[in-house]
Amino acid sequence: CDRPRLNLLGPVAVRAHGQALARRKPYFTELLTFLALRRQHGATREAISAAFGISAGKARDYTNTVRDWLGTNPRTGEPHLPNANKAPAAQVRGINVYQVDDGLLVDLDLFKRLRVRGQARGGAEGQRDLITALELVTGRSFDQQRQGGWSWLFEGERHDEYMTVAIADVAFTVATYYLEK
């Protein structure tokens, strides 16, 4: 697959096709996760600065590093992480934001889509979607985080807790369906 991937439904990991990181991969994985979880509206430089306790200049430098790491989207010819002034959300909001494009595959997003589709379809076809969603889970969600990091994850929407409940709910739904057969 020529698209970068972010795994959050188990040990946190990234597979990217741009410039390889020479150092601080856990840190930049965390920064990418921060941006990916804010994909809809993007993240301002100030939000990144506050979440990571860094200066605005460092936030810009570090997002440049993530941009290089993710590489270019072969479908669009543009970086997977556009410059803050070129992000789609920046055009809508009227402020510069960092926003990862839809070329980044995030297992958490795929899980959510499969869950919704499976529940909407129902029956055997829906169960196949739910089982496929469960196959994306490789361990405890957001596992093996960088030591001393991820404090922003515990503020606001708790994606880690939401996914734990969602996974249990899907597993229960699948088990119940097959026990009733």
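In which element is confidence lowest in the protein, and in which is it highest? This is a predicted model, so that's a fair place to start. Helix 4 (residues 88-93) sits at the bottom with a mean pLDDT of 89, while strand 1 (residues 5-7) tops the list at 97. Across the protein the average is 93, and 100% of the residues score at least 70.

Now for the inside. The largest nonpolar core holds 41 residues, and the members that touch the most others are L8, L31, L32, L35, I48, L104 and F111. Several helices chip in: helix 1 (25-36), helix 2 (45-52), helix 3 (56-70), helix 5 (107-121), helix 6 (123-135) and helix 7 (159-180) each supply at least two residues. Helix 1 gives the most, with 7 residues. If you'd like one member to click on, try L8: leaving out residues up to four places away in sequence, L8 touches T33, L37, V106, D107, L108, S141 and F142.

Next, have a look at how two of those helices meet. The axes of helix 2 and helix 3 come within 8 Å and cross at roughly 100°. Angles from 65 to 115 degrees count as roughly perpendicular, and therefore that is the label for helix 2 and helix 3. On the helix 2 side the contact is made by R45, I48 and S49, and on the helix 3 side by A56, A59, R60 and T63. Sorted by class, that contact has 3 nonpolar, 2 polar and 2 charged residues. I48 ties this back to the core, being among the residues there that touch the most other members.

Back in helix 1, there's a glutamate worth a click: E30. Is E30 buried or exposed? Buried counts as under 20% relative accessible area, and E30 has 1%, so E30 is buried. Setting aside neighbours within four places in sequence, its contacts are F52, R146, G149, W150 and W152.

One of those contacts, W150, leads to the loop between helix 6 and helix 7. Phi of W150 is near 65°, a positive value in a residue other than glycine. Q144 is found in the loop between helix 6 and helix 7 too, and Q144 has a positive phi of about 55° although it is not a glycine. What about their surroundings? W150 is buried, with a relative accessible area of 2%, whereas Q144 is exposed, at 59%.

Terms used: Residues numbered from 1 in each chain as written. Predicted model: local features only at pLDDT ≥ 70, side-chain atom pairs only at ≥ 80, totals over all residues. Heavy atoms only, no water. Core = buried A, V, L, I, M, F, W, Y, C linked by side-chain atoms within 4.5 Å. Buried < 20%, exposed > 50% of the residue type's maximum accessible area, 1.4 Å probe, protein only. Helix = DSSP H or I, 4+ residues; strand = E, 2+ residues; numbered from the N terminus. Contact = heavy atoms within 4.5 Å. pLDDT = per-residue confidence, 0-100. Axes fitted to C-alpha atoms, helices over the stretch in contact; angles between N-to-C directions. Parallel < 35°, antiparallel > 145°, perpendicular 65-115°, else oblique. Nonpolar A, V, L, I, M, F, W, Y, C, P; charged D, E, K, R; others polar.
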